[in-house]
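Notebook open, model loaded. I'm jotting down what I looked up, one topic at a time.

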Amino acid sequence: MPTPTSPPAPHSPAPRAPVRWVLALSTQVLRMERHLLTALMTLLVLLILLNVVTRYTGMPIYWVDEAAVYTVVWLTFVGASVMTRLRMDFAVTMLTDHLGARGAKAFKVLATSGVLLFGLAMLVMCWVWMDPIGIARYGFDAKEFAAESFNFIYTERTQTLNWPTWVLQLILPIFSATFSVHALANLLEDMGAAERVQHAGFDVVNADAVN
């Protein structure tokens, strides 16, 4: 006698091409950020060990401290971008816990939209601050550009590494761009345009426990 079988679960419709492109871009960015985090953490450990050894032997290297500080800065911004996509940012749910599913979803979309607007505003700020068109107009002459615009970002150098500060400060526009891509991907998922993506390599993180 044949046994009854349950009907197959309905498949959700595939997201549209623009949605798939955004999600794919976010996934690729997340993979690169994972490798960058590994490299930065390795560099930080090596710098700290080098600092300890050289100080213990009485031959400290004066630029190691500054290099470690800038490594931590890059780690912070890259990590914040990763945490945004993994939805590990902090959330206060005192209000949404008392709303229905529809109200909670609306507030979640509103919050994610605010995150996206913040990322886009940072992109605009970095564009105005670094003014790539302005420096190009002066033939990439940093001194001429600073004399006319009073923007000294391209003339300043770090204290001990003696590197151009704008190279290290590139993490700000990079973070703004990746942060905005991840926020847009989260917004599309929250709006129901696509199912939430499970990110390979980050499966040890329980993002739902945080947000």
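Burial came up at the start: in this predicted model, 33% of the protein's 211 residues are buried. Buried here means under 20% relative accessible area, exposed means over 50%, and partly exposed lies in between (1.4 Å probe, protein chains only).

Ground rules, for my own use. Numbering starts from 1 along each chain as its sequence is written, and side-chain values use heavy atoms, with hydrogens and water left out. As the model is predicted, local features need pLDDT of at least 70 and side-chain atom pairs count only at pLDDT 80 or more, while totals for chains, interfaces and linings use all residues.

Fold. I counted seven helices and zero strands; these are DSSP runs numbered from the N terminus (helices H or I, at least four residues; strands E, at least two). Then I checked contacts, meaning heavy atoms within 4.5 Å. Of those between residues at least 6 apart in sequence, 73% join residues at least 24 apart.

Core. I pulled up the largest nonpolar core, which has 15 residues. Such a core is a set of buried Ala, Val, Leu, Ile, Met, Phe, Trp, Tyr and Cys residues joined through side-chain atoms within 4.5 Å. L37, L40, L47, L75, V78 and V82 have the most contacts inside it. Two elements, α1 (17-56) and α2 (64-85), give two or more residues to this core, and α2 has the largest share with seven. I clicked on V78: leaving out residues up to four places away in sequence, V78 touches E33, L36, L37, L40 and I171.

D190. Where does D190 sit? D190 belongs to helix α7, residues 171-190. Its relative accessible area is 9%, so I logged D190 as buried. The D190 side chain makes a polar contact of 3.0 Å with that of R87. For the record, a polar contact is a pair of N or O atoms within 3.5 Å; within protein, one must be able to donate a hydrogen and the other to accept it, and residues adjacent in sequence count only if both atoms are side-chain atoms. Beyond four places in sequence, D190 touches R87, K105, K108, V109, T112 and R196.

Surface. The accessible surface comes to about 14,200 Å², 69% of it on carbon and sulfur atoms; areas come from the Shrake-Rupley method with a 1.4 Å probe, and for residues only the protein chains shown count as cover. I also looked at W127, which is in helix α3. W127 counts as exposed because its relative accessibility is 51%.
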